[in-house]
Amino acid sequence: MRSAVSYVLIAIIGGVVGAAVTQSGNIYDKVARHFSAEPQEPAGFWSTPAIEGYGKIHYEPDAAFKPVAGLSNKIVFQITRSDGAMTDPNLGLERVARVVNLYIASGIPADQLKFVVSVTGDATPAMLDNAHFKKFYGIDNPNLKLINELNQAGVKVSVCDQSVAFHHYPNNWIDKSVVHALSSPTTVSTLQNQGYAWLAM
């Protein structure tokens, strides 16, 4: 009797497992399709209100902790990495553009933004002028248009001269749109002592 019951239980368990295995392929396909499909977004879902074409944002007017007009709105952004492909603008600079766009979308007048970018380390090549960037990487410097857009919005983009020296770049290889700073650490510390918030990008 026991053996018959055992056979029945084995048959039932086998059927359940078999069905699960059969269905698992279908479930996997559904999940894979869900995550690989391009999300459908309505027109105007993303915008770049201040830095045209860079740092896209999705603005929610009722979100908490929005920037407030009348506060110091002073930030020093430190960029130390070369994220992404050299054919694209540095992702740290893109993130700075996103913050600018968020502040402007929140109603902060551009003349109230006191933003400084401090570039150092592996991000330093992004500061090269077009001729020298092209010499090293074979393409036009994709960062210069973004740096120009940031400058026009009142954002000062600086480079760490210690990092320039470590890269063995003469100072005149750095694009004219970039401010030479003694170093990135002293830029950050000096500005923090003046009430700037520090954001590592």
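In which helix is Val 164 found? The answer is helix 5, which covers residues 161-166, and we will come back to this residue once the overall layout is clear. Keep in mind along the way that the model in front of you is predicted.

Let us start with the chain as a whole. It has six helices and five strands, and if you trace these elements along the sequence you will meet them in the order α-β-α-β-α-α-β-α-β-α-β. There are 201 residues in the chain, and 35% of them count as buried. Contacts that reach across the sequence are worth a look too: taking those between residues at least 6 apart, 68% join residues at least 24 apart. On the outside, the chain exposes about 12,100 Å², with carbon and sulfur atoms supplying 60% of that area.

Now turn to the strands. Strand 1 spans residues 74-79, and strand 2 spans residues 114-119. The two pair in the parallel sense, over six bridges. To find the register, look for Ile 75, which stands opposite Phe 115 in strand 2. Strand 2 itself is mostly covered, with five of its six residues buried.

Gln 78 is a good place to pause in strand 1. Its relative accessible area is 14%, so Gln 78 counts as buried, the cut-off being under 20%. What surrounds this residue? Beyond its neighbours within four places in sequence, Gln 78 is in contact with Ser 118, and also with Ser 184, Pro 185, Val 188, Trp 198, Leu 199, Ala 200 and Met 201.

Moving on from strand 1, follow the chain into helix 2 (91-105) and out again, and you come to the loop that leads to strand 2, where Gly 107 lies. Because its relative accessibility is 48%, Gly 107 counts as partly exposed. In space, the C-alpha of Gly 107 is 9.5 Å from that of Lys 66, although the two residues are 41 apart in sequence.

Helix 4, residues 144-152, offers a view of the packing between elements. Its buried residues are Leu 144, Leu 146, Ile 147, Glu 149 and Leu 150, so you will find a glutamate listed together with leucines and an isoleucine. The cover over these buried residues includes helix 2, helix 3 (130-137) and strand 3 (156-160). After helix 4 comes Gly 154, which has a positive phi, near 90 degrees.

This brings us back to Val 164 in helix 5. With a relative accessible area of 0%, Val 164 is buried. Leaving out residues up to four places away in sequence, Val 164 touches Thr 124, Val 159, Tyr 169, Pro 170, Asn 171 and Ile 174. Pro 125 is 39 residues away along the chain, yet its C-alpha and that of Val 164 are separated by 8.6 Å.

Finally, how many cavities of 30 Å³ or more does a search of the whole structure find? There is one, and about 80 Å³ of space lies in it. Its lining is made up of 14 residues, and the closest to the centre are Ser 82, Met 86, Asn 90, Ala 126 and Asn 143. By class, the lining has seven nonpolar, four polar and three charged residues.

Terms used: Residues numbered from 1 in each chain as written. Predicted model: local features only at pLDDT ≥ 70, side-chain atom pairs only at ≥ 80, totals over all residues. Heavy atoms only, no water. 1 Å grid on protein atoms, 1.4 Å probe; cavity = no way out; pocket = protein on both sides within 12 Å on 5 of 7 lines; lining within 4 Å. Points joined across faces, edges and corners; volume = space filled by probe spheres on them. Nonpolar A, V, L, I, M, F, W, Y, C, P; charged D, E, K, R; others polar. Helix = DSSP H or I, 4+ residues; strand = E, 2+ residues; numbered from the N terminus. Buried < 20%, exposed > 50% of the residue type's maximum accessible area, 1.4 Å probe, protein only. Contact = heavy atoms within 4.5 Å. Areas by Shrake-Rupley, 256 points an atom, 1.4 Å probe, with all protein chains shown as cover. Pairing = 2+ DSSP bridges.
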